[in-house]
Amino acid sequence: MSDKDDHIRTIGYGESAIGYIRKNTLPAYPRSYELWYTYSAGYNQGLNRAVNEAVKENGRISTDEMLSLYGRFLSPTRLGDRLDDVGSKVSREVEEIVETLKLSADATSDYGAALEQAGLKISGITDPDKLKLYVTHLVKSTQNAVASNRKLESQLLESKKHIENLQSSLEAIRYESLIDELTTLNNRKHFDNSLEKVIRNSIESGRGFALLMTDIDHFKKFNDTYGHQTGDQVLRLVALSVKQNISSQDIACRYGGEEFAIILPHAGLDEAIEVAEKIRAAVMAKELVKRSTGENLGRITISAGIAAYKPNDNEHTIVSRADEAMYAAKNAGRNLVKTENDLEMKENQENVA
């Protein structure tokens, strides 16, 4: 996406955010702007859902509600607090396990001492009654040791379950931090991490990959005309079309706003073109119906651009070429797939002319 296009798109979100602040007569805190900017861009489905419910119930968002929503959905410390909470629980669980093992070790030591002492005394006993007494004592000590071991086993199994639950919580937090909630595709953070890794793998293996960038045509106009909820439906529809037409090794992400990025490991331009055309056709084939009214809103289209990895490429250069190809598709009439080769052909033609 060019700086100019990015400017126009983000200014639109910013103006929309200011409009919501004015409409709800809220103080223009940075937090307030961030919340309404995120709402306008549709990056956080949970936030949008909560805002829509609050507005439906009260007609507007108060300052206290706005700050509460910011704390729930946008606060930079939100995931950190959850990680701290899980970390504290893990620490407590480990402390309990250590204490349990210590008690078990003490019990085992006492049992060993009792056996050793009994063994020394039994060897010198000739009286059957005294021998019976010591044997009874040994049996009782053995029963106590068995009971202690069973208790330890039970506590360790319970701790294992707790640790597994905490591990699941950590995995959920990690998943949340890398997934776009609205589309359930990977988010921009995951894209950046994955692209860096794929480039590193290509350098080491000598095998390239392709990068596919797509953008929904006329999305801002569609969003402004039919509202954010219908716009969200469009984003989910495109995301579904992406998921249905890529392989398990491909990495599909919501790059930002209405733009999507797909990393195709080990693919060349021809393979990437085939994937892009399938996604483009799948999106165009779906008719969009407004859920609240049943109104048929017609079809939507996407424009796509493709770049293939070249030696000495970095994250910025390959994204830039794929982005330029995508905007070449838009400039050529939209609902098209273009590659970096089309850019080179156009440049050569201009040089000849």
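**Aromatic contacts, a mixed sheet and its helices**

Y13, Y33 and Y37 form one aromatic cluster. The model in which this cluster is found is a predicted one, and its secondary structure comes to 12 helices and seven strands. Of the 353 residues of the protein, 40% count as buried. Among contacts between residues at least 6 apart in sequence, 66% join residues that are at least 24 apart.

The aromatic residues are considered further here. The structure holds eight aromatic pairs. One of these is formed by Y20 and Y39, whose rings meet edge-to-face, with 5.3 Å from centre to centre and 90° between the planes. Since Y20 belongs to helix α1 (residues 3-23) and Y39 to helix α2, the pair ties together parts that are 19 residues apart in sequence. Y39 has a relative accessible area of 8% and is therefore buried, the cut-off for this class being under 20%. A second pair, that of Y33 and Y37, is tilted, with 6.0 Å between the ring centres and 40° between the planes. Both Y33 and Y37 lie in helix α2, where they are four residues apart, or about one turn of the helix. An α-helix has 3.6 residues a turn, so residues three or four places apart point the same way. The accessibility of each member of this pair was also computed: Y33, at 35% relative accessibility, counts as partly exposed, whereas Y37, with a relative accessible area of 19%, is buried.

Helix α3 (residues 45-58) contains 14 residues, which at 1.5 Å a residue should span 20 Å, and the C-alpha atoms at its ends are indeed 20 Å apart, so the expected and computed values agree. The buried residues of α3 are Q45, G46, L47, N48, A50, V51 and A54, and these buried residues pack against three other helices, namely α2 (30-41), α4 (63-73) and α9 (228-243). Helix α2 thus appears both as the location of Y33 and Y37 and as a packing partner of α3. Just after α3, G59 takes a positive phi of about 85°.

Turning to the strands, an open sheet is built from five of them in the order β2-β3-β1-β6-β7, with mixed pairing. β2 (251-256) and β7 (337-339) stand at the edges and have a single partner strand each, so that one side of each is left without a neighbour in the sheet. From one strand to the next, the twist averages 20°.

The pairing within this sheet can be followed from the β2 edge inwards. β2 and β3 run antiparallel and are joined by five bridges, with I251 standing opposite I263 in β3. The two strands form a hairpin with two residues between them, and G257 in the turn has a positive phi of about 55°. β3 in turn pairs with β1 in the antiparallel sense over seven bridges, and I262 in β3 is the bridge partner of L212. Strand β1 (residues 209-216) pairs with strand β6 (residues 302-308), again in the antiparallel sense and over seven bridges; here T214 stands opposite A304 in β6.

The surroundings of β3 were examined residue by residue. Seven of the seven residues of β3 are buried, so the strand is mostly covered. In a regular strand the side chains alternate between the two faces of the sheet. Both faces of β3 are covered, with E259, A261, I263 and P265 buried on one side and F260, I262 and L264 buried on the other. Helix α10 (residues 269-285) lies across β1, β3 (259-265), β6 and β7, and runs at about 170° to β6.

Residues of the edge strand β2, which covers 251-256, also take part in contacts with helix α7. H190 lies in helix α7 (residues 188-205) and is buried, with a relative accessible area of 19%. When residues up to four places away in sequence are not counted, H190 touches L178, I251 and C253. I251 is also the residue that stands opposite I263 in β3. In addition, R188 lies over the face of Y255, at 3.9 Å from the ring centre.

Methods. Residues numbered from 1 in each chain as written. Predicted model: local features only at pLDDT ≥ 70, side-chain atom pairs only at ≥ 80, totals over all residues. Heavy atoms only, no water. Pairing = 2+ DSSP bridges. Axes fitted to C-alpha atoms, helices over the stretch in contact; angles between N-to-C directions. Contact = heavy atoms within 4.5 Å. Buried < 20%, exposed > 50% of the residue type's maximum accessible area, 1.4 Å probe, protein only. Expected span 1.5 Å × (residues − 1). Phe/Tyr/Trp six-rings, centres within 6.5 Å; stacked < 30°, edge-to-face > 60°. Lys NZ or Arg CZ within 6 Å of the ring centre and 35° of its normal.
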